[in-house]
Amino acid sequence: MEIPLFLVDAFARAPFQGNPAAVCLIENPLEEELYQNIASEMNLSETVFIRKLNTADDFSTGSRFSLRWFTPVHEIVLCGHATLASAAVLFYKKENINPAVVFETLSGDLRVRRHDESIVMDFPLNKPELQHKNNYKNFLKDLLGDLAVQDVSLCKATMNLQVRLADSCDRSAFRTIKPEASALMKHEDGSRFKGVIVTMKGDSNSQVKYDFYSRYFAPWHGVLEDPVCGSAHTILAAYWSEKLGKKKMLAYQCSKRGGELELEVRDDGRVDIAGQAVVILQGTLKL
């Protein structure tokens, strides 16, 4: 068996930025165990499998595809950067003739379209619920050290905890957050949440006027820090849109690789997430 394989840096303007994803193009469903074995071998935050739904189409002409995302340890229900990477392969490498494609996923149909140099994803908007900080006191200590916390929210739909730092927090301190996976997992077994978003308000004095910054930690998914997490921004967009009174926002995820996301909260309860992507490797997986 031979499977076309691509390595794509998503939410990136140049190679070695953003979040890398492995993209596999498959003609037919694989054995369930094989999906996970390939993802474990790739050992990236996500490996994604695009499958044709209509045998009469190919990857250049089809407009609907099946999409499944896998971390090194298990399948997940939503992933933004790997969806962006998948669309980049179809649009840039397979030269898909459609202005937009639809991916059938565990999170429903996701429409992705081209817009200038970016790719725009139509994702569900996920509003988090405010929590009592004291319920997470020890966890927050191991996550952030002595950094001051403004509020804590939980998104049950995506099983993510969101922690907003106090506005007095310095961005340089924000960048140096470096929790240990074992320290986080000793407080939470994954039954309440499986990922943690840390966010802070943007700096109006910075050269680029980002509305907010974020980082994302997910050792429960086998990934200590995800460089740029699109699905986390379905939560961040809902939260910061309400706090800032804005529909359109520019966000930056402050991982070592870093990545920029354009967000637009829509009136229909969804959010457009836009970013660029670079395909840096193309090959064949031989099994």
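With 287 residues, the chain would be expected to have a radius of gyration near 19 Å if it formed a compact globule, and the value of 18 Å agrees with this; the radius is taken over C-alpha atoms, and the globule rule is 2.2 Å times the number of residues to the power 0.38. The model is predicted, so that local features need pLDDT of at least 70 and side-chain atom pairs count only at pLDDT 80 or more, while totals for chains, interfaces and linings use all residues. Residues are numbered from 1 along each chain as its sequence is written, and side-chain values use heavy atoms, with hydrogens and water left out.

Along its principal axes, the C-alpha trace spans about 55 × 40 × 30 Å. The secondary structure comprises 6 helices and 18 strands, defined as DSSP runs numbered from the N terminus (helices, H or I, at least four residues; strands, E, at least two). Of the 287 residues, 55% count as buried, where buried means under 20% relative accessible area, exposed over 50% and partly exposed in between, with a 1.4 Å probe and protein chains only. Among contacts (heavy atoms within 4.5 Å) with a separation of 6 or more, 64% are accounted for by residues 24 or more positions apart.

Positive phi values in residues other than glycine were found for Phe-11, near 55°, and for Asp-116, near 55°. Phe-11 lies in the loop between strand 1 (2-10) and strand 2 (19-26) and counts as buried because its relative accessibility is 3%. Asp-116, in the loop between strand 7 (108-115) and strand 8 (118-124), counts as exposed because its relative accessibility is 72%.
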